[in-house]
Amino acid sequence: MVDRCVCFDKTFTEMKKVIDKHNITTLDELKKYFIFGENCRICLPYVELVLSSGKTEFEPINFNYDNL
Ligand code: FES
């Protein structure tokens, strides 16, 4: 399962707590609170899913990363 930004060791559960506490709706807003997604960027589509679905664990998904 995918449950964190591995590069910065930040779990989606930790992110979700901040998302809920501050009513965050975008990646840019969330990045004001801690660093994630600034290295390989593989986690970013998953963090988008955390924002849109509220889930914190995902099966690996074959995203198209060309646009990141
Ligand atoms: S897993 Fe998030 S930047 Fe690499």
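A residue counts as buried if 20 or more other C-beta atoms lie within 10 Å of its own, with C-beta atoms placed from the backbone. Cysteine 5 has 25 other C-beta atoms within 10 Å, and it is therefore buried. The model described here is a predicted one.

**Cysteine 5 and the core**

Cysteine 5 belongs to strand E1. Apart from residues up to four places away in sequence, cysteine 5 touches Lys10, Phe36, Gly37 and Cys43. Between cysteine 5 and glycine 54, 49 residues apart in sequence, the C-alpha to C-alpha distance is 16 Å.

The largest nonpolar core has ten residues: Cys5, Phe12, Met15, Ile19, Leu30, Phe36, Cys43, Tyr46, Val47 and Val50. Two elements, helix H1 (12-22) and helix H3 (44-53), give two or more residues to this core. As a general tendency, nonpolar side chains in soluble globular proteins are buried together.

**Packing of H1 and H3**

The axes of H1 and H3 are 10 Å apart and make an angle of about 45°. Angles under 35 degrees would count as roughly parallel and those from 65 to 115 as roughly perpendicular, so H1 is oblique to H3. The crossing of H1 past H3 is right-handed.

On the H1 side the contact is formed by Phe12, Met15, Lys16 and Ile19, and on the H3 side by Tyr46, Val47, Val50 and Leu51. Of the residues in this contact, seven are nonpolar, one is charged and none is polar.

Phenylalanine 12 and tyrosine 46 are both core members. With neighbours within four places in sequence left aside, phenylalanine 12 is in contact with Asp3, Arg4, Tyr46, Val50 and Thr56. Under the same exclusion, the contacts of tyrosine 46 are Val2, Phe12 and Phe58. Tyrosine 46 sits in helix H3 and has 23 other C-beta atoms within 10 Å, so it is buried. Valine 2 lies 44 residues from tyrosine 46 in sequence, with 8.0 Å between the two C-alpha atoms.

**Positive phi values in loops**

Aspartate 9 is located in the loop that joins strand E1 (4-5) and strand E2 (10-11). Its phi is near 45°, which is positive although the residue is not glycine. Arginine 41 occupies the loop between helix H2 (27-30) and H3. Phi is positive for arginine 41 as well, near 70°, again in a residue other than glycine.

How exposed is each of these two loop residues? Aspartate 9 has 9 C-beta neighbours inside 10 Å and so counts as exposed. Arginine 41 has 13 other C-beta atoms within 10 Å, so it is partly exposed. The cut-off for exposed is 12 or fewer.

**The segment after H3**

Tyrosine 65 is part of the segment that follows H3. Its C-alpha atom is 23 Å from that of isoleucine 24, and the two residues are 41 apart along the chain. Tyrosine 65 counts as exposed because it has 11 C-beta neighbours inside 10 Å.

**Burial by residue**

The table lists the C-beta counts for the residues discussed individually.

| Residue | Other C-beta atoms within 10 Å | Class |
|---|---|---|
| Cysteine 5 | 25 C-beta atoms | buried |
| Aspartate 9 | 9 C-beta atoms | exposed |
| Arginine 41 | 13 C-beta atoms | partly exposed |
| Tyrosine 46 | 23 C-beta atoms | buried |
| Tyrosine 65 | 11 C-beta atoms | exposed |

Key
Residues numbered from 1 in each chain as written. Predicted model: local features only at pLDDT ≥ 70, side-chain atom pairs only at ≥ 80, totals over all residues. Core = buried A, V, L, I, M, F, W, Y, C linked by C-beta atoms within 7 Å. Helix = DSSP H or I, 4+ residues; strand = E, 2+ residues; numbered from the N terminus. Contact = placed C-beta atoms within 7 Å. Axes fitted to C-alpha atoms, helices over the stretch in contact; angles between N-to-C directions. Parallel < 35°, antiparallel > 145°, perpendicular 65-115°, else oblique. Left-handed = near helix turned anticlockwise from the far one by under 90°. Nonpolar A, V, L, I, M, F, W, Y, C, P; charged D, E, K, R; others polar.
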